[in-house]
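The following note is intended for a colleague who is new to this structure. It proceeds by numbered points, and each point may be checked against the display.

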Amino acid sequence: MARATTDEKLGGLQKAAILLISLGPERSAGVFKHLKEEEIEELTLEIANTRSITPQTKEAVINEFYEVCLAQQYIAEGGISYAKELLENALGSDKAMEVIGKLTASLQVKPFEFVRKTEPSQLLNFIQDEHPQTIALILSYLSPAQAAQIISALSPDRQADVAKRIATMDRTSPDVIKEVEKVLESKLSSLVNQDYTIVGGVDSVVEILNTVDRGTEKHIMETLEIEEPELADEIRKKMFVFEDILLLDDRAIQRVLRDVDNNDLAIALKNANDQVQGAIFNNLSKRLAVMIKEDMEFMGPVRMKDVEEAQQKIVNIIRKLEDAGEIVISRGGGDEIVV
């Protein structure tokens, strides 16, 4: 039996209207909840102007919708190359390319989709010998956790260079993105979104540095402070490390300590300087301060990794409370007035 095909004269709006008519009022109402007002108005008008639909057209529109949904699911599971392979098996080569072409045109699939499906340790083997600018571009499209794992594994002399390039990256030409993608996945070159894409920037590198281990973070920041002092200052203003607890007033420190586990606090303070220890102990009850000090003494030597993890837990609590507006971090600058 031949597969029903949609009339080439039908536009996207007409197909959407036919699909919603086919779904019925209840399911269509559920779809409308996810649309913008102008989209709802356009579809409602198109539905009102649709007089009759042949069974063949109805079947073809539903088939096309199903195929695009299938492609989107495959892309989410394993990237565009994976989707192409499965769709070719199911629909044939020409139809698979047609379906993916429609999907990428309408949804503007983000570049380097396949990269985000790759294990960071495997990806490192692909990119560690690339130019730092190429590495920076790729990391800008990854999640902070993925990028952090890769930048931590780079050689120390490359870490700060890549971080600097991410921070100073603004807009990247689609031609450049295509060229980089060809190196990693040549099959994607014809499917790249042609819009200029904003990637990187200070916020991007801050997210990465907030996720890497403290040793990597310290090395990158110290190098940037020498090579790019203004950039380092801009990055530092947006970051918060454990020692920056000194930027909090007593009331904020007391609020933070309410959410901190006593064992984590004792471990975190093992490597803290006298100022930080003093700021924290001064905001604990005398009884609790004595107990924490005793815990620190009795636990003996602690691995630096455990200290950094405990400090990071407290930093995460501070960031969470700041995001919720429960505390204010005084980052300096003289122009922030808190009333």
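1. Helix α15 spans residues 250-258, and its buried residues are Ala 252, Ile 253, Arg 255, Val 256 and Leu 257. These buried residues pack against three other helices, namely α16 (262-268), α17 (274-281) and α19 (304-323). The reader should bear in mind that the model is a predicted one.

2. As to the overall composition, the secondary structure amounts to 19 helices and two strands. The protein has 339 residues, of which 42% are buried. Among contacts between residues at least 6 apart in sequence, 74% join residues at least 24 apart. The exposed area is about 19500 Å², and carbon and sulfur atoms account for 49% of this area.

3. How many salt bridges does a search of the whole structure find? The search finds seven. In general terms, side chains of opposite charge can pair when their charged atoms come close. The points that follow take up several of these pairs.

4. Lys 15 and Glu 64 form a salt bridge in which the closest N and O atoms are 3.3 Å apart. Lys 15 belongs to helix α1 (residues 12-23) and Glu 64 to helix α4 (residues 55-91), so this pair ties together parts of the chain that are 49 residues apart in sequence. Are the two partners buried or exposed? Both Lys 15 and Glu 64 are buried.

5. A salt bridge also joins the side chains of Glu 227 and Lys 164, at 3.6 Å from N to O. Distant parts of the chain are linked by this pair, with Glu 227 in helix α13 (residues 214-227) and Lys 164 in helix α10 (residues 156-168), 63 residues apart. Glu 227 has a relative accessible area of 46% and is therefore partly exposed. Lys 164, with a relative accessible area of 18%, is under the 20% cut-off and so counts as buried.

6. Lys 313 pairs with Asp 264 in a salt bridge whose closest N and O atoms are 3.6 Å apart. Lys 313 lies in helix α19 and Asp 264 in helix α16, so that distant parts of the chain, 49 residues apart, are linked. Lys 313 is partly exposed, its relative accessible area being 45%, whereas Asp 264 counts as buried at 15% relative accessibility. In addition, Arg 255, Asp 259 and Glu 326 are joined into one network by salt bridges that share partners. Arg 255 is also one of the buried residues of helix α15.

7. The surface carries a negative patch, which is formed by Glu 37, Glu 38, Glu 39, Glu 41 and Glu 42. Glu 41 is placed in helix α3 (residues 37-49). With a relative accessibility of 55%, Glu 41 counts as exposed.

8. The final point returns to helix α1, where Ser 22 is located. This residue is partly exposed, with a relative accessible area of 22%. Which residues does Ser 22 contact, leaving aside its neighbours within four places in sequence? The partners are Lys 58 and Ile 62. Ser 22 and Ile 62 stand 40 residues apart in sequence, and their C-alpha atoms are 8.1 Å apart in space.

Conventions
Residues are numbered from 1 along each chain as its sequence is written. This is a predicted model: local features need pLDDT of at least 70, side-chain atom pairs count only at pLDDT 80 or more; totals for chains, interfaces and linings use all residues. Side-chain values use heavy atoms; hydrogens and water are left out. Buried means under 20% relative accessible area, exposed over 50%, partly exposed in between (1.4 Å probe, protein chains only). Helices (H or I, at least four residues) and strands (E, at least two) are DSSP runs, numbered from the N terminus. Contact means heavy atoms within 4.5 Å. A salt bridge is a side-chain nitrogen of Lys or Arg within 4 Å of a carboxyl oxygen of Asp or Glu. Accessible areas come from the Shrake-Rupley method with a 1.4 Å probe; for residues, only the protein chains shown count as cover. Patches are made of residues with over 30% relative accessible area and no salt bridge: like charges are joined within 9 Å, nonpolar side chains (Val, Leu, Ile, Met, Phe, Trp, Tyr) within 5 Å. Lys and Arg count as positive and Asp and Glu as negative; His and the chain ends are not counted. The place of a charge is taken as NZ of Lys, CZ of Arg, CG of Asp or CD of Glu.
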